[in-house]
Amino acid sequence: MATPAFEEIVETFEFLDDWEDRYRHVIELGKAFPDLDAAFQVPAFKVDGCASQVWLRPMVEGKGPSARFDFEGTSDAMIVRGLIAVLHALYAGLTAAEVGQVDAPAELARLGLNEHLSSQRSNGVRAMVERIRKTAATA
């Protein structure tokens, strides 16, 4: 289950032959992603387990399994901002119940990210996915 926005990223990655181009594209996605207001860059929204500074601010509309899930986020590292943008494309607009059904590792594997991210970055992505899933589960 992937959103149209995520499918668009997958299609773009299929056209980009080498990892350097894909890496640059992730950075471009990060540059285009709206910045998180500094007022929300606080401990409550900080994601632990990331090598970089990462903040995710969930925005849930409604209650229960049909609540719509979205989030804002930022990082002090450009590549991580790009990864936040990728995760936003994967999850934004889904219901809280659908968020729990997304197989994030499998979806991200379609981009080939697993083989090219450092173990620290991979751990950070896992930490962000866990935060997103936990937030949606409590919606």
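## A salt bridge within helix α2

E28 and K31 pair up in a salt bridge, with 3.7 Å between the closest N and O atoms; the term covers a side-chain nitrogen of Lys or Arg within 4 Å of a carboxyl oxygen of Asp or Glu. Both sit in helix α2 (residues 19-32), and because they are three residues apart there, about one helical turn separates them. Helices here are DSSP runs of H or I with at least four residues, strands are E runs of at least two, and both are numbered from the N terminus. E28 is partly exposed, at 45% relative accessible area (buried is under 20%, exposed is over 50%, and partly exposed is in between, using a 1.4 Å probe and protein chains only).

A word on the model itself: it is predicted, so local features need pLDDT of at least 70 and side-chain atom pairs count only at pLDDT 80 or more, while totals for chains, interfaces and linings use all residues. Residues are numbered from 1 along each chain as its sequence is written, and side-chain values use heavy atoms, with hydrogens and water left out.

## Salt bridges across the chain

Searching the whole structure turns up six salt bridges. One of them joins the side chains of E7 and R110, at 2.7 Å from N to O. This pair links distant parts of the chain: E7 belongs to helix α1 (residues 4-15), R110 to the loop between α5 (104-109) and α6 (113-116), and their positions lie 103 residues apart. E7 is partly exposed at 26% relative accessibility, and R110 is partly exposed too, at 38%. Add E107 and you have a salt-bridge network of E7, E107 and R110.

R81 and D35 also meet through their side chains, 2.8 Å from N to O. R81 is in helix α3 and D35 is in the loop between α2 and β1 (54-61), so this salt bridge ties together parts 46 residues apart in sequence. The two ends sit in quite unlike surroundings: R81 is buried at 8% relative accessible area, whereas D35 is exposed at 54%.

## How α3 meets α7

Two packed helices are described by the angle between their axes and the distance between the axes. For α3 (residues 78-91) and α7 (residues 119-137), the axes come within 11 Å and cross at roughly 35 degrees. Those axes are lines fitted to C-alpha atoms over the stretch in contact, with angles from 0 to 180 degrees between N-to-C directions. The crossing is right-handed, meaning that the near helix is turned clockwise from the far one by less than a right angle.

On the α3 side, the residues involved are I79, V80, L83, I84, L87 and Y91; they meet R121, V125, M128, V129, I132 and R133 of α7 (contact means heavy atoms within 4.5 Å). Sorted by class, that makes 10 nonpolar, two charged and no polar residues.

## The β1-β2 hairpin and V54

Strand β1 runs antiparallel to β2 (residues 68-75), and eight bridges join them; strands pair if DSSP finds at least two bridges between them. Across the pair, R57 stands opposite E72 of β2. The two strands make a hairpin with six residues between them, and G62 in the turn has a positive phi of about 100 degrees.

V54 is in β1 and is buried, at 0% relative accessibility. Leaving out residues up to four places away in sequence, V54 touches F45, K46, V47, T74, S75, V80, I84 and M128. The C-alpha atoms of V54 and A32 are 17 Å apart, with the two residues 22 apart along the chain.

Definitions and conventions
Nonpolar A, V, L, I, M, F, W, Y, C, P; charged D, E, K, R; others polar.
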